[in-house]
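Please open the model in a viewer and keep the sequence panel in sight. The tour below proceeds by selections, each followed by a description of what is found there.

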Amino acid sequence: MNKAEAINWKTFKGKLLQYPDLELQFQYAEGKLVDAAYHITEIKQAPITSVDCGGVMNNWTEIIVQLWVPDNEPQARSMKVSKALSIINIVEKMLPLDGNGTVKIEFGNSAFDTRQMFPNEMTAEGNSLTIDLRPDAVQCKAQERGGSCGTNDKGEECCAPVAEKSKVQLINLTAPTEACCTPGGGCC
């Protein structure tokens, strides 16, 4: 799977608004759709504040749409986009969602560990709007800025190219041994 580009809430919701009469499906792995009986159980807004390994503070907001598939509740068709939009409207009446927030879809089942994934392509075809989900990836923000991500246990920078250290010339500041501790040698 390819790394997906993050989509913000305003763009995500705008795409849903274009297709209210289609069935909403989520593809969580190649050729695997979330079961049609899924529910949108909650929508979370998570403001994130972090300090990265390079010592820089970062802030962003994530909007997380959680999907759940109940046991023993078979259903032939997925919910319509209009139903998802009605859930979004209920949420937004109580919790104004940040239009610039990064969207993630949270899903898992007995064969797929629960995780948060990015909506990748949103494809309208036939009676369905299918949202292809892609995993998030770990990143080093400091390294992406061209910097260092701190130091290792030896005090060396761990993510920056090794810089050549300048050489220091040491000068012997001690007096010659023959002048030490002799009358007039200046050591007492």
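Begin by selecting Tyr28, Phe107 and Phe112, which ring pairs link into a cluster. The model is a predicted one, and the values quoted on this tour are computed from it. Within this cluster, colour Phe107 and Phe112, both of which are buried.

**The whole chain**

Zoom out to the full cartoon. The protein contains three helices and seven strands. Traced along the sequence, these elements follow the pattern α-β-β-β-β-α-β-β-β-α. Of the 188 residues in the protein, 34% are buried. Among contacts with a separation of 6 or more, 64% are between residues 24 or more positions apart. Switch to a surface representation: the protein exposes about 12,600 Å², and carbon and sulfur atoms supply 51% of that area.

**Aromatic pairs**

Return to sticks and display the side chains of Phe, Tyr and Trp. How many aromatic pairs does the count give? The count comes to five aromatic pairs. For one of them, select Trp9 and Phe12: the ring centres are 5.7 Å apart and the planes stand at 35 degrees, so the pair is tilted; a pair counts as stacked under 30 degrees and as edge-to-face over 60. Both Trp9 and Phe12 belong to helix α1, where they are three residues apart, about one turn of the helix. Trp9 has a relative accessible area of 2% and is therefore buried, the limit for that class being under 20%. Phe12 is likewise buried, at a relative accessible area of 3%.

Now reselect Phe107 and Phe112 and look at their rings. These two residues form a stacked aromatic pair, at 6.2 Å centre to centre with 25 degrees between the planes.

**The cavity**

Next, display internal cavities. How many cavities of 30 Å³ or more does the structure hold? It holds one cavity of that size. The largest cavity has a volume of about 40 Å³. To see its lining, select Trp9, Phe12, Leu16, Leu24, Phe26, Ile40, Ile43, Val65, Ala84 and Ile88. The elements that give two or more residues to this lining are α1 (9–18), β1 (23–29), β3 (39–51) and α2 (81–94). Helix α1 supplies the largest share, three residues. Colour the lining by residue class: what is its make-up in nonpolar, polar and charged residues? The lining divides into ten nonpolar residues, with no polar and no charged ones.

**Leu16**

Keep the lining visible and centre on Leu16, one of the lining residues, which is found in helix α1. Is Leu16 buried or exposed? With a relative accessibility of 1%, Leu16 counts as buried. Leaving aside neighbours within four places in sequence, show the residues in contact with Leu16: Leu24, Val81, Leu85, Ile88, Met122, Leu129 and Ile131. Two of these partners, Leu24 and Ile88, also appear in the cavity lining. Then draw a C-alpha to C-alpha distance from Leu16 to Ser82: the two residues are 66 residues apart in sequence and 8.2 Å apart in space.

**Strand β7**

Select residues 128–135, which make up strand β7, and start at Ser128. Ser128 is buried, with a relative accessible area of 13%. Not counting residues up to four places away in sequence, Ser128 touches Leu22, Glu23, Gln25 and Thr123.

Move along the strand to Pro135, which also belongs to β7. At 33% relative accessibility, Pro135 counts as partly exposed. Its C-alpha atom is 7.0 Å from that of Gln116, with the two positions 19 residues apart in sequence numbering.

**The loop before α2**

For the final stop, select Asp71, in the loop between β4 (57–68) and α2. Is Asp71 buried or exposed? Its relative accessibility is 69%, so Asp71 counts as exposed, the threshold for that class being over 50%. Add Ala37 to the selection: Asp71 and Ala37 are 34 residues apart along the chain, and their C-alpha atoms are separated by 9.0 Å.

Definitions and conventions:
Residues numbered from 1 in each chain as written. Predicted model: local features only at pLDDT ≥ 70, side-chain atom pairs only at ≥ 80, totals over all residues. Heavy atoms only, no water. 1 Å grid on protein atoms, 1.4 Å probe; cavity = no way out; pocket = protein on both sides within 12 Å on 5 of 7 lines; lining within 4 Å. Points joined across faces, edges and corners; volume = space filled by probe spheres on them. Helix = DSSP H or I, 4+ residues; strand = E, 2+ residues; numbered from the N terminus. Nonpolar A, V, L, I, M, F, W, Y, C, P; charged D, E, K, R; others polar. Buried < 20%, exposed > 50% of the residue type's maximum accessible area, 1.4 Å probe, protein only. Contact = heavy atoms within 4.5 Å. Areas by Shrake-Rupley, 256 points an atom, 1.4 Å probe, with all protein chains shown as cover. Phe/Tyr/Trp six-rings, centres within 6.5 Å; stacked < 30°, edge-to-face > 60°.
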